[in-house]
Amino acid sequence: MLDDSKRSSSRLTLSLRENTQFVASFMAFSVMESIPTFYVLATTVLVIIVLRSVLRRSPNLPPGPTGLPLIGSLHLLSALPHQNLAELAKKYGPLMSMRLGQEQCIIATSPETAMEFLKNQGANFSSRPPFRAGDVVLYGQDLLCQNATSQWRHHRMIFKTELTGPQRLEATQNVRAEEIAHLIRTLPQNQKVELRPYLSVMLNNVVSRFILNKRLSARSGGHETEEELSAIKNFKEITHEIALCLSAFYPGDFIPALKWLGPQRLEKRFKECNKRMDLFVSKIIAEHEAERKLGAIAEEEKDMVHVLLDEMEKSEEEHRITMTNVKAILWDAFSASVDTILISSEWTLSEVLRKPDVLAKAQEELDNVVGQDRRVLESDIPKLVYIQAIVKEALRLHPPAPVLAPHQSIDACKAFGYDIPAEARVFVNVWAIARDPSLWPNPLEFNPGRFMPGGINAGIDMKGQHFQLLPFGAGRRMCPGKGLGLLIMHYCVASLLHAVLWTDVTNDPEMAEGPAGLSVPRAVPLQVIAKPRLAFDFYTS
Ligand code: HEM
């Protein structure tokens, strides 16, 4: 299920979630695990840290808060760090530096500073910092965790062109049409329901059929066999466990000097999670290999596993795709997609249902372009410009990764006259930039019209060229699944607004955020009463 999945959002968001308990929990782990030597070791480490900071020539860093010994400024961050960082930027400016643990971090909170790190000096900032959970659970081989090597570039190219490119999107249209039709048909009518679990099942199945040609969420009224139900349960547990591992606070990621202290309990959990995931994926790959032995698979029948196995067979030594790469990339595709699209679709519908004028305009457009005697097709989307503006406006206000996944500098450099050390972590707060009143008139108002031709922000797109709007990032690390993500969102929002009459019955006037997991969801899930708007005969397949 969706709530359990994924991690696209910044690891900062995740890993700092429990920062307030950081010192206490870290000490507890350490004391439990190595009581006899703990005090001696801890004192030695502290002395080394203090000596290092005294002896190191202090660079001319951007302004920022002075941190505490050992934890730096971790204590300034809560479960919604993008909000804390936005507040701090009001005091220290759009280029800010702070220490998180022992790591030097740079926070970018303006289009200019974002552009500097993602584009102007993009090559130097395209690496990722060390991430123990990713290294163990996903072998450090998934796209999100890999450093900026030629192997990573090659894998990204395959991901963008072969796995999520236009041809694959076209070949899988029927999958999305079937799963959305099923959601519309089976959504309980005339009663209060929480929409998120229904969206979650639909998206899990859209993505799992796209990746491995199998449904991995049980559908209401479905006829799964015992074996299928057991695989579905297993998948749900594994995705949940991976999300927990990837969002756990691992002290060594922020205080490298303490890496050797563990905590062993987390290490053990990461390894067990990796083992379980490996077993699950290996079985799927073995099934695909068996199928391939029976004869060549037609191009249109190939899912992502087949495409990756093709690539593995033909890849040259230098850029070899190994079986480990295949497994990690498959998990990337799951974990980077379902949660981002689910959270974003729920925010989009939540915003639209609070604005009767926006809802009416959207339905008017749908009736003009599609009419009322057939269902929405993906080929309608280019003409549904208001629906596209709705999705864009929702991603502006609610980017699922409010702070981009951390980038890391390869070499020391200068930016805006300041020194940026090598291996500094750069966090771009796209949430704060997209709500900046100096860039966006009435920034907190949900107003899709701003992006329509003649609107106040017409012409701004999400392709990574306009640095005031970066829900998918920009430059070398920009999301390679953007095309698929937007296609599913446009199609899902258009179909649901076209087919159903919605009443929002959520008791949450503030529409608060969080708590942040791998993405930032609504604190109170959207609750609706649905009634058919059109005959559901169009949704029988
Ligand atoms: C609404 C949907 C989505 C949003 C808003 C989104 C956003 C993002 C963001 C902000 C990043 C990090 C960029 C950076 O580090 O600068 C990212 C990375 C990534 N996304 Fe997405 N994403 C979405 C859907 C998808 C889908 C559908 C897939 C795959 C099928 C995907 C695969 C990835 C991968 C593999 C990365 C890591 C790329 C790398 O580090 O080289 N995403 N995404």
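Here are three short exercises, with worked solutions, on this predicted model.

**Exercise 1. Work out how the four-stranded open sheet is ordered and what packs on it.**

Solution. Start with the strand order, which is 1-2-7-4, with mixed pairing. Next, look for strands that pair on one side only: these are strand 1 (95–100) and strand 4 (407–408), the edge strands. Now follow strand 1 to strand 2 (residues 103–108): the two run antiparallel and are joined by six bridges. Within this pair, Met98 stands opposite Cys105 in strand 2. Finally, add helix 5 (residues 111–120), which packs on the sheet and touches strand 1, strand 2, strand 4 and strand 7 (425–428). The direction of helix 5 makes about 130° with that of strand 7.

**Exercise 2. Classify the crossing of helix 16 and helix 17, and describe their contact.**

Solution. First take the axes of helix 16 (residues 356–369) and helix 17 (residues 385–397): they come within 8 Å and cross at roughly 140°. Angles over 145 degrees would count as roughly antiparallel, so helix 16 is oblique to helix 17. Then list the partners: Val358, Lys361, Ala362 and Glu365 in helix 16 meet Tyr386, Ile387 and Ile390 in helix 17. Sorting these contact residues gives five nonpolar, no polar and two charged.

**Exercise 3. Place Ile390 in the largest nonpolar core.**

Solution. Begin with the core, which has 141 residues. Ile390 is among those with the most contacts inside it, as are Val137, Met304, Leu330, Val428 and Val493. Helix 15 (residues 323–353) gives the most to this core, with 14 residues. Last, set aside neighbours within four places in sequence: the contacts of Ile390 are then Thr348, Val352, Val358, Ala362, Pro448 and Val493.

Conventions:
Residues are numbered from 1 along each chain as its sequence is written. This is a predicted model: local features need pLDDT of at least 70, side-chain atom pairs count only at pLDDT 80 or more; totals for chains, interfaces and linings use all residues. Two strands pair if DSSP finds at least two bridges between them. Two residues are in contact if their C-beta atoms, placed from the backbone, lie within 7 Å. Axes are lines fitted to C-alpha atoms, for helices over the stretch in contact, and angles run from 0 to 180 degrees between N-to-C directions. A nonpolar core is a set of buried Ala, Val, Leu, Ile, Met, Phe, Trp, Tyr and Cys residues joined through C-beta atoms within 7 Å. A residue is buried if 20 or more other C-beta atoms lie within 10 Å of its own, exposed if 12 or fewer, and partly exposed in between; C-beta atoms are placed from the backbone. Angles under 35 degrees count as roughly parallel, over 145 as roughly antiparallel, 65 to 115 as roughly perpendicular and the rest as oblique. Ala, Val, Leu, Ile, Met, Phe, Trp, Tyr, Cys and Pro count as nonpolar, Asp, Glu, Lys and Arg as charged, and the others, Gly among them, as polar.
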